[in-house]
Amino acid sequence: MFKTSDEAVEYIHSLPKFHESDSLDFIKLAMQKLGNPQDSYKIVHITGTNGKGTTTNYLANLLEASNLRVGMFISPFIKIFNERIQINHEYISNDDLCNLSNYIVVQTKGIELTEFEFVTALGLLYFKDRVDIAVVEVGIGGKRDKTNIVKPVLSIITSVGMDHENIIGPTLLDIAREKSGIIKQNTPVILGLLDDDVSHLIEKVADQKDSSVYQFEREFNIENFRVKDIKINFDFKNGETYPVSILGIEKTTAINAAIAIEAFYLLNKDHDLTDEIPEIESHPIPGRMQVVRRDPLVIFDGAHNFAAIDNLTNSLTKTWPNKDIIVLYSGMKDKKRDVILSNLSKHSKKVYVTQLKNLRSAGKEDYDLSIYSNVEFVDDYRDFYSSFIDEQTSDQIFLVTGSFYLVSDLLNTFVI
């Protein structure tokens with residue numbers, strides 16, 4: 001039995017990452033032993049290659065502004081484990097984390113749970129009798145993700161791109177098919193900006209399940225997109241037009257906001273909007289286009305796949321064409337680091353590659369840096385970060401990206 005939350009978290013992290021099969025039988029059996037708490041409240045289920053965390057947060061903010069008790073299940077965490085399970089943006093308490101972990105261990109004795117299955121069970125159990133609705137973000141994929149035991153009132157697929165293709169791929173349509181697995185019978189689904197072939201595949205799945213589809217650029221849209229001083233302004237339109245203002249520079253961020261607003265409308269059609277969308281940014285999410293210093297500009301963004309990196313670098317160069325972008329990057333061995341690094345090298349004045357103390361983190365030997373004239377490896381990224389920001393000039397943008405682990409460590413060491 002755990003006496004503290006630290007002991008509980010240590011145990012959770014010690015659990016295996018995967019089963020030999022990708023069956024949901026283990027988590028289903030565990031939730032049955034716990035009384036299927038996930039069936040006692042409304043759930044919005046969100047997947048997507050990129051944007052699902054941001055969309056989850058935006059939607060939770062909007063629902064909270066309607067005086068609802070809103071659960072939020074997310075990953076990864078930036079500072080402490082408790083961040084993964086929140087109600088109205090308040091983390092699960094250490095006492096509840098400890099007590100519920102003990103309860104799960106006792107009730108599911110004999111069931112071999114993975115780390116993510118245990119965390120999923122913990123979050124879904126914690127929300128019981130505490131929330132009106134929960135916004136649940138998948139871990140990876142959709143159909144075989146351990147959160148896919150829920151019966152949502154609304155499903156959301158923010159984007160479909162190449163990531164985790166070794167697990168849910170290998171092709172883009174394979175990934176789309178996997179993510180479409182969160183669509184349930186007679187349950188509406190919102191789609192973000194998707195390629196036509198991906199959109200057709202997902203809409204076919206929705207049609208087979210008699211689920212209505214609300215797609216970006218068809219049922220809802222953004223107009224008059226503009227950026228000034230790290231602030232996005234656009235007009236949201238789904239029959240009516242409303243002005244929206246959020247922090248950021250990327251159009252994909254505006255699309256994520258639009259997806260959340262459309263979801264808010266579908267969930268709460270009677271809500272009366274007057275001049276603007278309510279409270280969409282009341283609680284910012286750390287590590288996602290986070291400006292930690294404005295002059296000179298320092299940005300942290302946990303972009304870790306090509307699509308996210310490409311959106312980020314294109315937005316930076318368009319927004320500040322006269323500034324030099326300096327990048328501190330760390331990639332995982334299972335990512336397409338060659339295309340990511342080529343993109344960073346192309347858009348940046350200088351790229352510094354580093355390695356984390358993580359078994360998945362790529363080291364110097366995993367790159368061919370000789371093909372780049374502006375890429376250099378640094379061993380100690382903390383020392384580098386500390387020295388660089390002291391010398392940074394106003395004509396430079398310093399971008400920390402490539403991994404939430406890198407972002408989290410530097411935020412905790414120097415910022416938070």
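**Group meeting: two helices and one asparagine**

Okay, let's start with helix 11, which runs over residues 337-347. Its buried residues are Arg337, Ile340, Leu341, Asn343, Leu344, Ser345 and His347. Keep in mind that what we're looking at is a predicted model. So what do those buried residues of helix 11 pack against? Helix 10, residues 306-319, for one, plus strand 14, strand 15 and strand 16, the last of these being residues 375-377.

Now over to helix 12, residues 381-391. Here the buried ones are Tyr381, Phe384, Tyr385, Phe388 and Ile389. If you look down the axis of helix 12, those buried residues fall within an arc of 115°, so they line one face of the helix. Flip to the other side of helix 12 and you find Asp383, Asp390 and Glu391, which are exposed.

And what covers the buried residues of helix 12? The cover includes strand 12 (290-294), strand 13 (297-301), strand 14 (324-329), strand 15 (350-353) and strand 17 (396-401), along with helix 13 (404-415). Strand 14 and strand 15 should sound familiar, as the buried residues of helix 11 pack against them too.

One detail at the start of helix 12: a side-chain oxygen of Asp380 comes to within 3.1 Å of the backbone nitrogen of Arg382.

Last stop, Asn61, over in helix 3, residues 52-64. Is Asn61 buried or exposed? Its relative accessibility is 0%, and anything under 20% goes down as buried, so Asn61 counts as buried. As for what it touches, setting aside neighbours within four places in sequence, Asn61 is in contact with His89, Glu279, Ile280, Glu281, Ser282 and His283.

How values were computed: Residues numbered from 1 in each chain as written. Predicted model: local features only at pLDDT ≥ 70, side-chain atom pairs only at ≥ 80, totals over all residues. Heavy atoms only, no water. Buried < 20%, exposed > 50% of the residue type's maximum accessible area, 1.4 Å probe, protein only. Helix = DSSP H or I, 4+ residues; strand = E, 2+ residues; numbered from the N terminus. Arc of directions from axis to C-beta. Contact = heavy atoms within 4.5 Å. Polar contact = N/O pair within 3.5 Å; in protein donor to acceptor, adjacent residues only side chain to side chain.
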